[in-house]
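Okay, thanks for making time, everyone. I'll put the sequence and the structure up, and then we can walk through them together.

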Amino acid sequence: MDSGYIAPGENHAQALEDDYDVRQSLTPEEVVGLMDQLLSHEVLPKTIEDARFDRVPADFPLVSLVLRAYSLALIKACDFVHARVVVEYYYEEEDFVGQLYNRNLLSAFDPSHFYRLLDQAVAWVDAQKEMDEKLRDALRCRLLFRRSFLSALDQDLEVIETRSTEDFASSLSHLVTLSETTGLGKLVPAAFSMKIQRKLASTVPPRPIVHIDYENAIAHAKRICQDAIDMQQMLDYRGPSNFKVHS
């Protein structure tokens, strides 16, 4: 169905905006749950695309700093992937959708801003001694994963020269810890919405929000990191005599 359809009696404000207030205070469990939901979705949700984090009161640093840093770093990671893929050869729609529909993936911002935000968020979480230790560790490992993964993508083609696998290996280790604390999160379904598609500059039919099982999402993320590490072995390829394929 067309998500841009405005039903009889529905005004534009109701059609384009959600009732969910991104400025509201969230519990640590809800923030962990949101981070896990973000990792499990292929479609960028309202939380990171349409949220106005600059309006979040400073009284709620769990949202204005921790969740904001995580979400912005996620968008920047998408920017790195998009920038690399669109300069390569690929089949539109089949392999990758390069159209941004007039959305901004923070391309103009230097990565250092996101590293600094993530470092500030980690420092804030570490200072919350009154918070349950398991929740504090859960938030911390998710922020550290986001930092390592962003740094890994930031290398781009430089990895051919540096041959560094440190960031992907670090991301992989954080994913292991992350998977052990999955049960601590609390889902916040209202934070995700298809209404964002009504604002896209496109005539393409709307795409449904794809719900990926969290265990599968973690497994996929681990596979990406491990493949990125293993792929560097191909750089040692000099001919058929030293190229081995493992099934």
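I'll start with the whole chain, then take a few helices, and finish with three leucines.

First thing to keep in mind: this is a predicted model. The chain has nine helices and zero strands, so to speak an α-α-α-α-α-α-α-α-α pattern when you read along the sequence. Of the 247 residues, 40% are buried. And if you take the contacts with a separation of 6 or more, 79% of them are between residues 24 or more positions apart.

Let's go to α5, residues 111-127. That's 17 residues, and from the first C-alpha to the last you cover 25 Å, close to the 24 Å expected at 1.5 Å a residue. Which residues of α5 are buried? Pro111, Phe114, Tyr115, Leu117, Leu118, Ala121, Val122 and Val125. Look down the axis of α5 and those buried residues fall within an arc of 160 degrees, so they line one face of the helix. The general point here is that an α-helix has 3.6 residues a turn, so residues three or four places apart point the same way. As for partners, the buried residues of α5 pack against α4, which is 61-85, and α6, which is 133-154.

Now α9, residues 214-230. This helix also has 17 residues, and α9 reaches 24 Å from first C-alpha to last, close to the 24 Å expected. On the buried list for α9 we have Tyr214, Ala217, Ile218, Ala221, Cys225, Ala228 and Ile229. Down the axis of α9, these fall within an arc of 115 degrees, so again they line one face of the helix. Turn to the face away from that buried side and you find the exposed residues Glu215, His220 and Arg223. What covers the buried residues of α9? The cover includes α2, α6 and α8.

Since α2 just came up, here's how that helix sits against α4. Helix α2 is residues 28-40, and it packs on α4 at an angle of about 10 degrees, with the axes 11 Å apart. The two helices are therefore roughly parallel to each other. On the α2 side of the contact you have Pro28, Val31, Leu34, Met35, Leu38 and Leu39. They meet Leu62, Val66, Leu67, Tyr70, Ser71 and Leu74 in α4. By type, the residues of this contact are 11 nonpolar, one polar and no charged.

Okay, the leucines. Leucine 172 is in helix α8, and it's buried, with a relative accessible area of 18%. Leaving out residues up to four places away in sequence, leucine 172 touches Lys222, Cys225, Gln226 and Ile229. Its C-alpha is 8.9 Å from that of arginine 223, which is 51 residues apart from it along the chain.

Next, leucine 187, in the loop between α8 and α9. Buried or exposed? Leucine 187 is exposed, at 60% relative accessible area. The C-alpha atoms of leucine 187 and glutamate 29 are separated by 8.4 Å, with their positions 158 residues apart along the chain.

And last, leucine 106, in the loop between α4 and α5. This leucine is buried, with a relative accessible area of 15%. Have a look at the backbone there too: phi of leucine 106 is near 65 degrees, a positive value in a residue other than glycine.

That's my tour, happy to rotate the view to any of these.

Terms used: Residues are numbered from 1 along each chain as its sequence is written. This is a predicted model: local features need pLDDT of at least 70, side-chain atom pairs count only at pLDDT 80 or more; totals for chains, interfaces and linings use all residues. Side-chain values use heavy atoms; hydrogens and water are left out. Helices (H or I, at least four residues) and strands (E, at least two) are DSSP runs, numbered from the N terminus. The expected span of a helix is 1.5 Å times one less than its number of residues. Buried means under 20% relative accessible area, exposed over 50%, partly exposed in between (1.4 Å probe, protein chains only). The arc is that of the directions from the helix axis to the C-beta atoms. Contact means heavy atoms within 4.5 Å. Axes are lines fitted to C-alpha atoms, for helices over the stretch in contact, and angles run from 0 to 180 degrees between N-to-C directions. Angles under 35 degrees count as roughly parallel, over 145 as roughly antiparallel, 65 to 115 as roughly perpendicular and the rest as oblique. Ala, Val, Leu, Ile, Met, Phe, Trp, Tyr, Cys and Pro count as nonpolar, Asp, Glu, Lys and Arg as charged, and the others, Gly among them, as polar.
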